[in-house]
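User: I have a model open and would like a close look at one part of it, with the surroundings explained as you go. Could you take me through it in one connected answer?

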Protein chains: 2
Amino acid sequence: MSEYIEHDRDKISVGIVEKKLFTFAEPPDEMVLESGARVGPLTLAYETCGTLNEDKSNVILILHALSGDSHVAGYYTPDDEKPGWWDNMVGPGKGIDTDKYFIVCSNIIGSCMGSTGPCTINPKTVLPYGLDFPVVTIGDMVEAQKALMVHLGVKKLLAVVGGSIGGMQVLEWCIRYPEMVVSAIPLASTTKHSALAIAFNEVARQAIMADPNWNDGEYYFGPKPDMGLAVARMIGHITYLSDESMRLKFGRRLQDKSDFSFNFDADFQVESYLRYQGKKFVERFDANSFLYITKAGDYYDLEKQHGDGSEVKAFSKMAAAFLVVSFTSDWLYPTYQSRAMVKAMKKNGLDVSFCEIEAEWGHDAFLLPNARLTAVIRGFLERVFNQSPK
Amino acid sequence: MSEYIEHDRDKISVGIVEKKLFTFAEPPDEMVLESGARVGPLTLAYETCGTLNEDKSNVILILHALSGDSHVAGYYTPDDEKPGWWDNMVGPGKGIDTDKYFIVCSNIIGSCMGSTGPCTINPKTVLPYGLDFPVVTIGDMVEAQKALMVHLGVKKLLAVVGGSIGGMQVLEWCIRYPEMVVSAIPLASTTKHSALAIAFNEVARQAIMADPNWNDGEYYFGPKPDMGLAVARMIGHITYLSDESMRLKFGRRLQDKSDFSFNFDADFQVESYLRYQGKKFVERFDANSFLYITKAGDYYDLEKQHGDGSEVKAFSKMAAAFLVVSFTSDWLYPTYQSRAMVKAMKKNGLDVSFCEIEAEWGHDAFLLPNARLTAVIRGFLERVFNQSPK
């Protein structure tokens, strides 16, 4: 069983952070994507916390998952109700200690949280891109992050850290820029989605595209495909949890009722929870971005793209020290996928630590406060920081 | 690993069968449902195969799942491409041997395959019921089947057999009519849906209700909520399979392409499969029926309804000999649920056999040809038939 740490904003926080923008790939020097398409200019929204040390040897790049953003820790204003999405891990004295390290987190391209994506205005048409935005890959996301590192004058990354499709970006960083990456922490991740993971993503995409308001991606001036996006998010939420965690969290408990409604209202708490999650999500996320980012995750195939189908060959191009973490109840990115990754790393003589954490919260576990996860990440970072040439 | 038997229609079949209709609960003697609502008249579509013996001691009632119907085996016409849904199990010399037993299978109320449900004309309005059709329960389905048994003059059931929510009907038969049921075979079933199972059903229902064509269930004279129903079916199909079966069946294989499309077409075979399954389903199934039947499954809670929350107490009211079957890769109705059922049966001193079958096809396994399943069912039925008083 995991131990959980209560988060208390007033006690420990990086405090107020600021979202910054970095624009690059100005035409005619557009970015050439993996698909061959060209796009530009591109903007990345990013945030930093902690202090860059003199020799710039304390940089940790954090890579977010599907619905994340650059707001990894702290608050934009003192009145914010909630801190950034990984505030339980990133802060003074926390697992990723902002007293020691300089943290950078940027919103991925294709998203809708400040970086360029399908909801951005296309300068050529002065209308939102919609489906004219090219399909981007995990590799394209990493190339954009690399441009940001150049802009920030960062030449070495003490660590790249990310969960889920953030973990795919971690692996892609290691293979594209082995000389830059000292260490890497892929959490609850994989070198490629299983058929099951693709299937869930596809049904979620179909739910969005089935919504007449989706209108082939052109909905920015009219009603949005909120119903479709809500259903897509509900599907996602089921996959992020686990049979066990849903039993503990909801069981068959009824919602504000002593008996069944005998209609199609939400009778069970789990139904209300899903409806609420769906509704909340449409207020903050763009349906087209959901399509683009899930597609990027499904396309990712490390061994096919970098190892002619061999995981061992793909990892032979990497040099980082690895900490691979999986969670027992994660059935979307199951432990066996992390183990396969670790095996291929070991076959290449890479410095790899593997930790399977007992947790009942399914795939979501990597985002939740967990004393063991915090300790493992803290210890690993301390070791690589102390070992790295100053 | 399971062994599979090839089905060959020309070799073994019950041959031509006929769908019959039985109407009851004529007003003013309407059926009173568990919710307290009244409905009538009600029609059940049913089929029989095999021959009823003189003392009527060879009747097996088969209870279908969500999308099933009365057409359990054989063909309606010699030109039919496909036989009934359980033709691999039901027929001359098969696991449920029509040379020995008289098989009855009726379409559940709430469905759309000939029995009364939301798509039936409401005699009071001369329009399809839509959401005016009352929410029915597993118990209501069983009461309708009981009326059919009375109509057929059947007083003893050698066996009641069903998988998934058909298995819930099996249990409900055993508790409502213990004096009638000699033996019972719940397959891949449970005494109550887990939060996970409810969650999947709820998202599927939301997908239907999010389709503007659903129109609060009034769509019978206009465009149907095909997109929503297709998404609902796709969600279902994922849950019927398993991580392992999807890997074997699809892996990451691409669909008729050497590379990715870099758009939102179906790139992977698993995507095409799901789209096809969704499309095929809307041609034969009614969206409202999907809502009603999944809700009935979610409401079912044997111990709450019949045991004051105690499974042991609920089973104390039963008298049948049981064969409980689960499948290793079924994560929708997992083995632990069947084991809990068996434990409660044993505590009541019931005659119970339990069989967990090694199968990689997930929840779908109970419908697929499987030599072990066939042998286990055949053996159990032979024993109870030989033991039962003639």
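Between which two strands is the loop in which Pro41(A) lies? From there, please carry on to the part of chain A that touches chain B.

Analyst: Happy to. Pro41(A) lies in the loop between β3 (38-39) and β4 (42-49) of chain A; strands here are DSSP runs of E with at least two residues, helices are runs of H or I with at least four, and both are numbered from the N terminus. The peptide bond that leads from Gly40(A) into Pro41(A) is cis, with omega near -5 degrees. Chain B has its counterpart: Pro41(B) is in the loop between β3 (38-39) and β4 (42-49) of chain B, and the bond from Gly40(B) to Pro41(B) is cis, again with omega near -5 degrees. Another backbone feature to look up is Ser164(A), a residue other than glycine whose phi is positive, near 65 degrees. Ser164(A) sits in the loop between β11 (159-163) and α2 (165-176) of chain A. As background, most residues other than glycine have a negative phi, and most peptide bonds are trans.

Please keep in mind that this is a predicted model, in which local features need pLDDT of at least 70 and side-chain atom pairs count only at pLDDT 80 or more, while totals for chains, interfaces and linings use all residues. Residues are numbered from 1 along each chain as its sequence is written, and chains are lettered from A and ligands numbered from 1 in the order in which they are written. The mean pLDDT (the predictor's confidence in each residue, from 0 to 100) of chain A is 95, and 97% of its residues reach 70 or more. Residues 1-7 of chain A are another matter, since pLDDT stays under 50 there. Where pLDDT is low, the predicted coordinates should not be read in detail. For the complex, the predictor gives an ipTM of 0.93 and a pTM of 0.94.

Now to the place where the chains meet. In all, 42 residues of chain A are in contact with 42 residues of chain B, contact being C-beta atoms, placed from the backbone, within 7 Å. On the chain A side, α3 (195-210), α4 (226-240), α5 (243-249), α6 (269-282) and α7 (287-299) each supply at least two residues. The largest share, twelve residues, comes from α3(A). By class, this side has 26 nonpolar, six polar and ten charged residues; Ala, Val, Leu, Ile, Met, Phe, Trp, Tyr, Cys and Pro count as nonpolar, Asp, Glu, Lys and Arg as charged, and the others, Gly among them, as polar.

How do the two copies relate? A rotation of 180 degrees with 0.0 Å of shift along its axis superposes chain A on chain B, with an RMSD of 0.0 Å; the fit is by least squares on C-alpha atoms of residues with pLDDT of at least 70 in both copies. This is the relation of a two-fold axis. The same surface serves both copies, as 100% of the contact residues of chain A recur in chain B.

Let us zoom in on α3(A). Its partner across the interface is α6 (residues 269-282) of chain B, packed at an angle of about 50 degrees with the axes 9 Å apart; axes are lines fitted to C-alpha atoms, for helices over the stretch in contact, and angles run from 0 to 180 degrees between N-to-C directions. That makes α3(A) oblique to α6(B), given that under 35 degrees counts as roughly parallel, over 145 as roughly antiparallel, 65 to 115 as roughly perpendicular and the rest as oblique. The crossing is right-handed: the near helix is turned clockwise from the far one by less than a right angle, whereas anticlockwise would be left-handed. Ala195(A), Ile198(A), Ala199(A), Glu202(A) and Val203(A) meet Val270(B), Glu271(B) and Leu274(B). These divide into six nonpolar, no polar and two charged residues.

Within chain A, α3(A) also packs with α7(A), at about 160 degrees and with axes 10 Å apart. That makes α3(A) roughly antiparallel to α7(A), and the crossing is left-handed. Among the residues of this contact are Ile198(A) and Arg205(A) of α3(A), and Phe290(A) and Leu291(A) of α7(A). Ile198(A) thus takes part in the contact with α6(B) and in the one with α7(A).

Technical notes. Two residues are in contact if their C-beta atoms, placed from the backbone, lie within 7 Å.
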